[in-house]
Amino acid sequence: MVSSLKPKTTSIRTSKIVHKSSTLHQLTRFVTEDAVCVMFKINFEDIYKVECWRYVVYVHGKGLSKFVSYADFPPIISVDSPTTSDCIKWRKRWRKYSNYTQRKHAPSWWGVFFTRQFCEASSESVLYSWGQLIALIKFAFSEETLQELRRSYCQEKALLLV
């Protein structure tokens, strides 16, 4: 009997985030590869490296070379909760957008990011943590986006309970 020629290994994602400064920015804790993928609509494999400098993040990927503000990254649950200072930095960043409706809220891709996080939640407690985070930063979303997030949350909760 011939065994399989493919080695049975699990694919472990190695972090592509590199810190290039000894002084970390306050919002560094929110920089993730998942956010970069949603932000630029690329796959994880297309990211070569994400460099966190003192005041800016440099994203290098397949057909992509961009400097990004730390305030462009959405909060996540696995680190400290957003502070008032973080919220001020986000709002200041959003005011720089040219479109008037975007000046008051987070970029539209934040909603896509959180919807994906709901779908990837491994347990009801993780999903609940994401829901708590959304409740904490609901000021960041328009009413329509908030309704879509609530609907997505309820759908994923129903799937986890089955």
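Reader: What makes the contact between Arg93 and Asp72 a salt bridge?

Author: A salt bridge needs a side-chain nitrogen of Lys or Arg within 4 Å of a carboxyl oxygen of Asp or Glu. The side chains of Arg93 and Asp72 meet at 2.9 Å, N to O, so the pair fits the definition. This is a predicted model, where local features need pLDDT of at least 70, side-chain atom pairs count only at pLDDT 80 or more, and totals for chains, interfaces and linings use all residues. Residues are numbered from 1 along each chain as its sequence is written, and side-chain values use heavy atoms, without hydrogens and water.

Reader: Which parts does the pair of Arg93 and Asp72 tie together?

Author: Arg93 lies in helix 2 (residues 84–94). Asp72 sits in the loop between strand 4 (64–68) and helix 2. The pair therefore links parts 21 residues apart in sequence. Helices (H or I, at least four residues) and strands (E, at least two) are DSSP runs, numbered from the N terminus.

Reader: Why is Asp72 called buried?

Author: Buried means under 20% relative accessible area, exposed over 50%, partly exposed in between (1.4 Å probe, protein chains only). Asp72 has 9%, so Asp72 is buried. Arg93 has 26%, so Arg93 is partly exposed.

Reader: How do you know that Lys49 and Glu51 form a salt bridge?

Author: Their side chains meet at 3.1 Å, N to O. Glu51 is buried, at 8%. Lys49 is partly exposed, at 32%.

Reader: How many salt bridges does the structure hold?

Author: The structure holds 4. Among them is Glu143 with Arg150, at 4.0 Å, N to O. Glu143 is partly exposed at 47%, and Arg150 is partly exposed at 39%.
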